[in-house]
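Trainee: I'd like to practise backing up every label with a value. Can we go through this one together?

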Amino acid sequence: MNTFESLGLNGELLTAVQALGFTEPTPNQQKAIPVLLQGTRDFIGLAQTGTGKTAAFGLPLLQLIRRQDRYPQALIICPTRELCLQITGDLDKFKGKNSAISVTAVYGGASIVMQIKDLKRGTHIVVATPGRLIDLIERKAIRLEEIQYVVLDEADEMLRMGFIDDVQTIMDATPEGRQVAMFSATMPSQIRAIAQKHLKGAEEV
């Protein structure tokens with residue numbers, strides 16, 4: 001059965017998905033959601049933009065987050081401010097109006113002081129561009145020691161834009177044993193090297 005119900009999502013998320021008019025999951029979502037819902041298995045998705053990948057990683061994250069713990073548990077790294085804001089907006093839509101889950105976007109070209117204030121208030125999911133995230137790590141303005149889930153979105157684009165060293169630094173700052181999901185339209189050798197270093201026994205789709 002190709003339905004969102006069959007993928008293991010909870011009632012709250014199914015209601016939100018139906019309200020958004022999603023009827024059946026894309027092939028990408030069918031493969032990714034059951035793996036990522038386990039919260040333990042790493043995942044590599046070779047996926048173009050427009051294949052529903054934000055829902056593929058976003059819905060499992062929203063189900064796995066412990067709402068009572070208001071510190072960053074999930075980190076989504078993406079190449080551009082536009083994508084950062086788009087992912088944040090999508091997650092806000094998926095979680096529905098009454099959700100207690102907080103999603104915070106941090107990206108360059110906006111006030112870092114305001115972003116630090118947002119992080120201090122407590123948040124569950126951080127969506128970040130690499131340069132700004134490094135800046136926040138250096139200022140000790142973000143806690144990564146409790147991160148359990150990391151998503152690298154458009155990894156090949158981050159390579160093309162020269163962020164690959166920043167991504168390595170960020171990955172090294174996250175705890176051992178966190179779940180990593182990587183999405184990339186292509187798999188150049190440097191991206192493959194990051195996958196081999198940071199992803200263990202990943203399911204590849």
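Mentor: Sure, let's start with helix 5 and helix 6, whose crossing is right-handed. Keep in mind that this is a predicted model.

Trainee: What makes the crossing of helix 5 and helix 6 right-handed?

Mentor: The sense of the turn. A crossing gets that label if the near helix is turned clockwise from the far one, and helix 5 and helix 6 cross in the right-handed sense.

Trainee: And why are helix 5 and helix 6 called roughly perpendicular?

Mentor: Helix 5 (residues 112-121) and helix 6 pack at an angle of about 70°, with their axes 12 Å apart. The label covers 65 to 115 degrees, so helix 5 and helix 6 count as roughly perpendicular to each other.

Trainee: Which residues meet there?

Mentor: I112, Q115, I116 and L119 in helix 5 meet R132, D135 and L136 in helix 6. By class, that contact has 4 nonpolar, 1 polar and 2 charged residues.

Trainee: Now helix 6 and helix 8. What makes that pair oblique?

Mentor: The axes of helix 6 (residues 130-138) and helix 8 cross at roughly 45° and come within 9 Å. Anything from 35 up to 65 degrees falls outside the parallel and perpendicular ranges, which makes helix 6 oblique to helix 8. Their crossing is left-handed.

Trainee: What makes up the contact?

Mentor: Helix 6 brings P130, G131, L133, I134 and I137, and helix 8 brings D166, V167, T169 and I170. In the contact of helix 6 with helix 8, 6 residues are nonpolar, 2 polar and 1 charged.

Trainee: On to helix 9. Which of its residues are buried?

Mentor: I191, I194, A195 and H198 are buried in helix 9 (residues 189-198). Each of them is under the 20% cut-off for relative accessible area.

Trainee: How do you know that they sit on the same side of helix 9?

Mentor: They cover an arc of only 100° around the axis, which puts them on the same side of helix 9. The face turned away from that buried side carries the exposed residues S189 and Q196.

Trainee: What covers the buried residues of helix 9?

Mentor: The cover includes strand 1 (43-46), strand 5 (149-152), helix 7 (155-160), helix 8 (164-173) and strand 6 (179-184).

Trainee: Here's a loop residue: E154, between strand 5 and helix 7. Buried or exposed?

Mentor: Buried. The relative accessible area of E154 is 16%, and the cut-off is under 20%. Beyond neighbours within four places in sequence, E154 is in contact with T49, K53, P79, L83 and F183.

Trainee: What is unusual about phi in E154?

Mentor: Phi of E154 is near 55°, a positive value in a residue other than glycine. Most residues other than glycine have a negative phi.

Trainee: And K140, in the loop between helix 6 and strand 5?

Mentor: Phi of K140 is near 55° too, again positive in a residue other than glycine. K140 has 74% relative accessibility; over 50% is exposed, so K140 counts as exposed.

Trainee: Last one: why is L62 called buried?

Mentor: L62 is in helix 3 (residues 53-64). Its relative accessibility is 3%, under the 20% limit, so L62 counts as buried. Leaving out residues up to four places away in sequence, L62 touches L13, L91, F94, K95, I101 and I125.

Definitions and conventions
Residues numbered from 1 in each chain as written. Predicted model: local features only at pLDDT ≥ 70, side-chain atom pairs only at ≥ 80, totals over all residues. Heavy atoms only, no water. Buried < 20%, exposed > 50% of the residue type's maximum accessible area, 1.4 Å probe, protein only. Helix = DSSP H or I, 4+ residues; strand = E, 2+ residues; numbered from the N terminus. Arc of directions from axis to C-beta. Contact = heavy atoms within 4.5 Å. Axes fitted to C-alpha atoms, helices over the stretch in contact; angles between N-to-C directions. Parallel < 35°, antiparallel > 145°, perpendicular 65-115°, else oblique. Nonpolar A, V, L, I, M, F, W, Y, C, P; charged D, E, K, R; others polar.
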